[in-house]
Amino acid sequence: MEHWTVEDYKEFNNKVTKKTKYRANKTSVDGHTFDSKKEAEYYCDLKMRLQANDIKGFCLQPIFMLAPGLRYKPDFIVFNNDNTTEVIDVKGYKTKEYIAKKKVFEEKYNLKITEIN
């Protein structure tokens, strides 16, 4: 039977890549850490749209209070040139919690959430 030293175990453990709950990989761009590569790519698209004057601006992860102690944090809010606003959530998987918060948010704020799959 082979015995490992503490250093051998640490080295082995560092090489093992742990899968995330929904198989998304955190990705950092411009000092912001996004929950998935898809979310980071959408951020980059928004930056290009802003530079091209296709949109007025956007906001990362704004917080909306749904009820005392209950909040919803979409991935982005996009401010369009026609003065409309889009609430964007990049989704790979819809949890029961998200579905419930989405319903409450849309009723309370009278805004639709655009889901990017």
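## A tour of the aromatic rings

Begin by selecting Phe105, which has a relative accessibility of 0% and therefore counts as buried. Keep in mind as you go that the structure in your viewer is a predicted model.

Now add Tyr109 to the selection; this residue is partly exposed, because its relative accessible area of 29% falls between the 20% and 50% cut-offs. Both residues belong to helix α3 (residues 96-109), where they are four residues apart and so separated by about one helical turn. What should you look for when two rings face one another? A pair of aromatic rings is described by the distance of the centres and the angle of the planes. For Phe105 and Tyr109 the centres are 5.2 Å apart and the planes stand at 35°, so this pair is tilted.

Next, widen the view, since a search of the whole structure finds eight aromatic pairs. Select Tyr42 and Phe76, whose ring centres lie 5.5 Å apart with the planes at 45°, so that this pair too is described as tilted. Tyr42 sits in helix α2 (residues 37-51) while Phe76 sits in strand β6 (residues 76-80), and the pair therefore ties together parts that are 34 residues apart in sequence. Both Tyr42 and Phe76 are buried.

With those two still selected, add Phe34, Tyr43 and Phe58, and you will have the cluster that ring pairs link together from Phe34, Tyr42, Tyr43, Phe58 and Phe76.

For the last stop, select Lys91 and Tyr98: here the charged end of Lys91 sits over the ring of Tyr98, at 4.3 Å from the centre of that ring.

Terms used. Residues numbered from 1 in each chain as written. Predicted model: local features only at pLDDT ≥ 70, side-chain atom pairs only at ≥ 80, totals over all residues. Heavy atoms only, no water. Phe/Tyr/Trp six-rings, centres within 6.5 Å; stacked < 30°, edge-to-face > 60°. Helix = DSSP H or I, 4+ residues; strand = E, 2+ residues; numbered from the N terminus. Buried < 20%, exposed > 50% of the residue type's maximum accessible area, 1.4 Å probe, protein only. Lys NZ or Arg CZ within 6 Å of the ring centre and 35° of its normal.
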